[in-house]
Amino acid sequence: MAVITEIKDLKRIYERRVPRMFYDYAESGSWTEQTFRENTSDFDQLRLRQRVAVDMTGRSTTSEMIGQEVAMPVALAPVGLTGMQHADGEIKAAKAAEEFDVPFTLSTMSICSIEAVAEKTSKPFWFQLYTMKDEGYVRRLIERAKAAKCSALVITLDLQILGQRHKDLKNGLSAPPKLTPKTIVNLMTKWTWGLQMLGTKNREFGNIVGHVDGISDTSQLGAWTAEQFDPSLDWGKIAKIKEMWGGKVILKGILDAEDAKMALKVGADAIIVSNHGGRQLDGAMSSIKMLPSILDAVGDQIEVHLDSGIRSGQDVLKAVAMGAKGTYIGRAYIYGLGAMGQAGVSKALEVIHKELDISMALCGKRKISELDQDVLLVPKDFTGDWR
Ligand SMILES: Cc1cc2nc3c(=O)[nH]c(=O)nc-3n(C[C@H](O)[C@H](O)[C@H](O)COP(=O)(O)O)c2cc1C
C-alpha cells in the first residue's frame with residue numbers, strides 16, 4: 001500500500017484507476033489551459049513569514065462559513081459527474097465531508113440525485129444550481145433541494161454556456177461511457193472501477209433523468225448543456241431564484257469587483273471568487289490574483305470565499321490570510337475519490353488539514369481568526385499592472 005503524504009500521491013493513483021475519459025474531464029482546463037495552470041502557479045508566488053518562539057499549544061483550525069461551524073475553512077466544491085469517478089461518488093464524498101465536519105456541495109450535474117445523497121447522509125449538505133431554460137424544472141429542483149433539507153443554495157454564474165475543453169470533445173465524454181473501441185480498450189484496464197460501477201444503479205444524471213420533460217438521454221453532456229442551460233441568466237433572474245429559495249445563497253463564479261458589487265446588491269450571503277477551476281474563460285486571471293480587488297470592493301460587507309487552484313493546506317492558508325473567509329477544493333478531493341473512494345476523500349481532507357495546521361503553527365498562529373496579511377510575503381507586482 002502506497003504511503004500517501006500529499007495530494008499528488010492521490011492524483012497518481014487516481015490516474016491509474018479511473019477511465020481516461022473521466023480523468024481527462026477533471027484534469028483539463030478550457031482551450032490553452034492558461035488559467036487552469038495559473039490557478040495553481042500563482043499560489044506559488046506567495047510566500048509565508050516564518051515566526052518563532054510563539055506558544056503553539058492549543059491550536060485549532062475550526063472556523064465558520066455562512067454561519068456554519070466547520071473543522072477548517074474548506075468545503076467540497078460542486079463537481080459534475082462525481083459518480084463517474086467512483087461508484088456512488090457523490091454519496092461517498094458527502095459522507096467523508098460529514099465525518100470531517102466540512103460542507104459538501106452537490107452539483108446539479110451529479111450522478112447520484114439530491115434524494116439519494118440525502119438518504120445516505122445525516123447532516124445537511126449544500127446544493128449547487130445551474131439554471132436551465134425550463135423554469136418549471138428549476139422550480140422543482142429548488143423544491144427538491146428544500147425537501148432534502150439542503151442548508152445553502154450555491155448558484156453558479158460562470159457557466160451559462162459551456163467553455164470548450166478539447167479532450168472532452170476528442171474523448172466523446174459521456175455518462176455512462178459510450179462503448180467505442182477506444183473506450184473498451186481503456187476500460188479493460190480499469191476492472192475495479194467497472195465492477196464497482198456495475199454494483200450501483202446510479203449511472204446517469206440523477207437530478208435530471210426523469211425530471212426534465214422530453215429529455216431521456218443526457219449521455220452527451222456537451223450537447224445537452226448547450227441545449228438546456230439558460231444563456232439569458234441575469235441579476236434579475238438571480239434575485240428571483242434567491243426569493244424562491246428563501247434560505248442562504250452563495251453566488252459562485254465571481255471574478256470581478258463590479259460583479260461582486262452586484263452580488264452584494266442582490267443580497268447574497270457569500271460569494272465564491274472562482275473561475276471554475278480554469279474550465280470556462282481561458283485567459284481569465286487566477287482566483288487568488290483577483291481576490292484582493294474583490295475584497296477591497298466588498299470584503300467588509302459580504303463573506304468572500306475562494307476556489308480554483310487549491311491543492312494543499314498551504315494554499316488554504318494563503319487564501320484565508322489574504323482575506324477569504326472560506327475555500328473550496330474541487331480536483332483535490334476528486335483525486336482522492338477516484339483513487340480510494342470515501343477513504344480517499346477523507347485522506348485528501350486529512351492531508352490538507354495537516355498542512356494547514358502545521359503551516360499555521362510555523363507562521364506563529366494558533367487560530368484561523370488570527371490569520372491575516374501579516375502571515376504573507378506578497379511580491380510587489382503580484383496582482384500586476386493591467387489596464
Ligand atoms: C471535473 C469538474 C467538474 C465540475 N463541475 C462543476 C459543476 O457541476 N458545478 C459547478 O458549479 N462547478 C463545477 N466545477 C468547478 C468546481 O466547483 C470548482 O470551482 C473548481 O473545481 C475549483 O478548482 P480546483 O479544481 O482547482 O479546486 C467542476 C470542476 C471540475 C474539476
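This passage walks through part of a parallel sheet, the surroundings of a ligand and a group of annotated residues. The model is a predicted one, in which local features need pLDDT of at least 70 and side-chain atom pairs count only at pLDDT 80 or more, while totals for chains, interfaces and linings use all residues. Residue numbers start from 1 along each chain as its sequence is written.

A convenient place to begin is strand E9, residues 270–273; helices (H or I, at least four residues) and strands (E, at least two) are DSSP runs, numbered from the N terminus. Ala270 and Ile272 on one side of E9, and Ile271 and Val273 on the other, are all buried, where buried stands for 20 or more other C-beta atoms within 10 Å of a residue's own, exposed for 12 or fewer and partly exposed for anything in between, with C-beta atoms placed from the backbone. E9 pairs in the parallel sense with strand E8 (residues 249–254) over 4 bridges, pairing being assigned if DSSP finds at least two bridges between two strands. Between E8 and E9 the chain passes through helix H13 (residues 257–265) in a right-handed β-α-β crossover; right-handed says that, with the strands pointing away from the viewer, the path from the first strand over the helix to the second runs clockwise. Strand E10 (residues 303–306) is also a parallel partner of E9, over 4 bridges, and Ala270 stands opposite Glu303 there. The route from E9 to E10 leads through helix H14 (residues 287–298), and this crossover is right-handed.

Turning to the ligand, 24 residues surround it, and Ala77, Gly80, Ser107, Gly277 and Gly330 come nearest; a residue is near a molecule or strand if its C-beta atom, placed from the backbone, lies within 6 Å of it. Helices H2 (20–26) and H16 (331–362) each supply at least two residues of this shell.

For "binding site", an unreviewed UniProt entry lists Tyr25, Arg165, His276 and Arg279. Although they span 255 residues in sequence, no two of their C-alpha atoms are more than 13.1 Å apart, so they gather at one spot. Annotations of this kind may be inferred rather than shown by experiment; positions follow the numbering used here, and feature names are shortened. Tyr25 belongs to helix H2 and is buried, with 24 C-beta neighbours inside 10 Å. His276, in the loop between E9 and H14, is likewise buried, with 27 other C-beta atoms within 10 Å.
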